[in-house]
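Please read the following account alongside the sequence and the coordinates. It goes from the whole chain to single strands and then to the empty spaces.

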Amino acid sequence: MKSLTVLALAVLAAVRMAASVQADDAGENKNLFKSPGAKQAAKDFKPAPDKMETNFGSLEFEGGSFPTEASTQKIYDEMDRQRATQAYMDFYPSLSLYSIVKSQIRDFGFKSASDVGVMADFMTPSENYLTGNNITVYAFASIDLKVDGPTVVEIPPGMYGNANDAAFKYLTDFGPTGPDKAKGGKYLFLPPGFKGETPKGYFVFRSPGYRIWAMMRGFGEVGNGDQAVKWFKDRLKVYPLATGPREHTAVNCSGIGANTLPPEDGSVFTMLNEIIQYEPTELFDKELLGRLATLGIEKGKPFKPDQRMQGIFDTAAKQGVAMSRAIVYASRDPEINYWPNRHWEKMFIRNTEFVADGHNDIDARTLWHYQAICVSPNLLSTTAGVGTSYLTAFRDKEGVYLLGDKIYRLRVPAKPPVKRFWAVTAYDPISRSLLGSGGNINVGSTGKPEVNDDGSVDIYFGPKKPEGKKNWIKTDPDKGFFVVFRFYGPLEGYIEKSWILNDFELLE
């Protein structure tokens with residue numbers, strides 16, 4: 001026992017020493033009083049040259065440092081372009097939520113926050129919600145606390161869903177993972193700066209922004225079609241606390257058509273300005289707001305970009321899209337793969353707060369928000385049978401992108417570890433929304449797929465249905481595609497990674 005204790009102490013000391021060395025290498029323990037470096041004088045300063053070659057042109061500085069008129073213009077053009085490009089990515093979550101809320105009012109005809117939309121006949125490619133699915137009945141509401149003040153969302157029992165604020169940050173879950181615990185109840189959302197008394201009998205949440213998007217899914221008794229519309233109209237109520245329930249409509253949004261995506265050109269900055277003008281300044285980081293101010297987007301001031309800035313905004317938006325596509329479709333994050341020897345990728349890399357080691361995990365944030373909507377801790381389930389988990393595949397087993405003119409097979413091993421159901425859905429990489437191939441784009445356990453003798457399920461992907469095969473997802477031969485594999489109520493085999501999903505196999 002004594003020798004084991006000595007050994008344990010020695011190992012602990014070695015670990016501490018290794019950690020100390022690692023910290024020293026990183027500079028965490030660098031004491032300048034002990035190691036300031038060799039003596040220097042003014043002559044040791046090494047200035048940048050008065051002529052520079054950059055990726056935005058040749059620059060010249062008179063008198064050693066004064067930028068020439070031509071160089072000054074190039075520098076400011078590039079500065080504005082860089083700041084606008086980063087703004088596109090930094091504010092994309094806010095742009096995404098604003099686009100959804102605006103679309104639902106504009107495209108579905110909502111007249112107030114009390115109106116609700118129901119995907120009663122399931123979502124279709126004509127409604128371009130980021131990786132929305134076409135196998136559950138959605139219901140949603142667009143809330144504006146500046147218009148209505150404190151607002152109540154009264155939900156029926158058995159809902160699954162969540163509410164996100166104007167920056168697309170998590171406010172609460174509804175249903176089994178929310179405070180109502182699937183029993184239903186009244187959720188009260190309070191606007192920024194609210195100082196009144198909070199009534200009893202509500203689940204209360206203070207929102208840092210005015211606009212909120214509330215989304216939930218219905219199963220079982222909800223049904224679909226007219227039944228689902230009536231079911232939600234009778235049971236899902238959104239109204240100002242001050243007035244109580246008011247007249248409202250429920251709209252069957254399936255197939256109506258909607259555009260919920262932020263623009264991918266310069267007009268997106270007009271949308272961003274609308275957000276900055278409307279929402280409280282405190283919702284956003286002051287550093288980010290400072291960068292926007294240099295671009296002419298500032299609270300309380302008119303937004304009037306001249307021709308030069310309009311061109312810069314257009315380029316910046318496209319560059320932001322290019323960078324977002326790289327982050328999503330060609331991630332360089334070392335933790336992106338769910339299984340080390342497979343091409344299935346995480347949608348949330350580390351957590352749903354987008355933080356890592358004490359800093360904002362900005363590429364992980366882009367990875368999620370450029371391809372998906374809604375944030376909830378229960379979208380990254382670590383408890384067996386609770387919540388959901390999603391994986392994406394953009395490439396086949398050889399690491400080549402999935403293309404719509406090819407034929408692939410995905411073999412799903414027997415007994416997928418889910419409590420509720422699993423599903424595979426195909427998406428358009430341009431819109432990150434349901435693939436409009438004109439045919440079936442989903443195969444899952446609820447659809448009673450054809451099962452092999454060993455319990456596995458073969459799913460075929462291609463522009464034409466393979467002869468004699470039931471499980472087929474139709475692709476568009478003129479573009480690529482990707483899929484999301486959904487685990488509803490993932491079990492231990494998924495969480496512990498003992499069950500491993502196969503890669504796509506190219507057949508021809």
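The paragraphs below describe the chain, one helix, two sets of strands, and the cavities and pockets.

The model is predicted. Its chain has 508 residues, and buried residues make up 50% of them. Taken along the principal axes, the C-alpha atoms fill a box of roughly 80 × 65 × 60 Å. The secondary structure consists of 10 helices and 25 strands.

Helix α3 is a convenient place to begin. It covers residues 92-108, and its 17 residues should span 24 Å at 1.5 Å a residue. The C-alpha atoms at its ends are 23 Å apart, which agrees with that expectation. Most of α3 is covered, with 13 of its 17 residues buried. Just after the helix comes G109, which takes a positive phi of about 80°. α3 returns below, since it supplies at least two residues of the lining of the largest pocket.

Strands come next. Strands of a sheet pair through backbone hydrogen bonds, either parallel or antiparallel. One open sheet in this model is formed by four strands in the order β10-β9-β6-β12, with mixed pairing. The edges are taken by β10 (203-206) and β12 (237-240); each has a single partner strand, so one side of each is left without a neighbour in the sheet. On average, and with direction ignored, neighbouring strands of this sheet are turned by 20° against each other. Within the sheet, β6 (residues 151-155) pairs with β12 in the antiparallel sense over four bridges. In β12, P240 is the residue that stands opposite T151.

A second set of pairings centres on β11, which covers residues 211-218. How many of the residues of β11 are buried? The count is eight of eight, so to speak of β11 as mostly covered is to include each residue, with buried meaning under 20% relative accessible area. Both faces of the strand are covered. On one side lie R211, W213, M215 and R217, and on the other I212, A214, M216 and G218, all of them buried.

Two strands that pair with β11 can be followed in the model. β5 (residues 137-144) runs antiparallel to β11 and is joined to it by eight bridges. F140 stands opposite M215 of β11. β7 (residues 160-164) also pairs with β11 in the antiparallel sense, over five bridges. Here Y160 stands opposite R217 of β11.

The remaining paragraphs concern empty space. Rolling a probe the size of a water molecule over the atoms shows where such space is left. The structure holds three cavities of 30 Å³ or more. The largest cavity contains about 190 Å³ of space. Its lining consists of 18 residues, and those nearest its centre are L130, T131, Y138, R217 and I373. R217 was met above as a buried residue of β11. Strand β11 provides the largest share of this lining, three residues. By class, the lining of the largest cavity has 13 nonpolar, three polar and two charged residues.

The largest pocket holds about 580 Å³ of space. It is lined by 21 residues, of which D90, A167, K169, N360 and R365 are the closest to its centre. Which helices each supply at least two residues of this lining? They are α3 and α9 (362-369). The largest share, three residues, comes from α9. The lining of the largest pocket divides into 12 nonpolar, four polar and five charged residues.

About 280 Å³ of space lies in the second largest pocket. Of its 20 lining residues, Y160, T177, N378, G387 and T388 are the closest to its centre. Four strands, β7, β8 (170-174), β19 (418-428) and β24 (482-490), each supply at least two residues of the lining. β7 gives the largest share, three residues. The lining of the second largest pocket has seven nonpolar, nine polar and four charged residues.

Read together, the pairings and the linings share some residues. R217 of β11 stands opposite Y160. R217 is among the residues nearest the centre of the largest cavity, and Y160 is among those closest to the centre of the second largest pocket.

Note on methods: Residues numbered from 1 in each chain as written. Predicted model: local features only at pLDDT ≥ 70, side-chain atom pairs only at ≥ 80, totals over all residues. Heavy atoms only, no water. 1 Å grid on protein atoms, 1.4 Å probe; cavity = no way out; pocket = protein on both sides within 12 Å on 5 of 7 lines; lining within 4 Å. Points joined across faces, edges and corners; volume = space filled by probe spheres on them. Nonpolar A, V, L, I, M, F, W, Y, C, P; charged D, E, K, R; others polar. Expected span 1.5 Å × (residues − 1). Buried < 20%, exposed > 50% of the residue type's maximum accessible area, 1.4 Å probe, protein only. Pairing = 2+ DSSP bridges. Axes fitted to C-alpha atoms, helices over the stretch in contact; angles between N-to-C directions.
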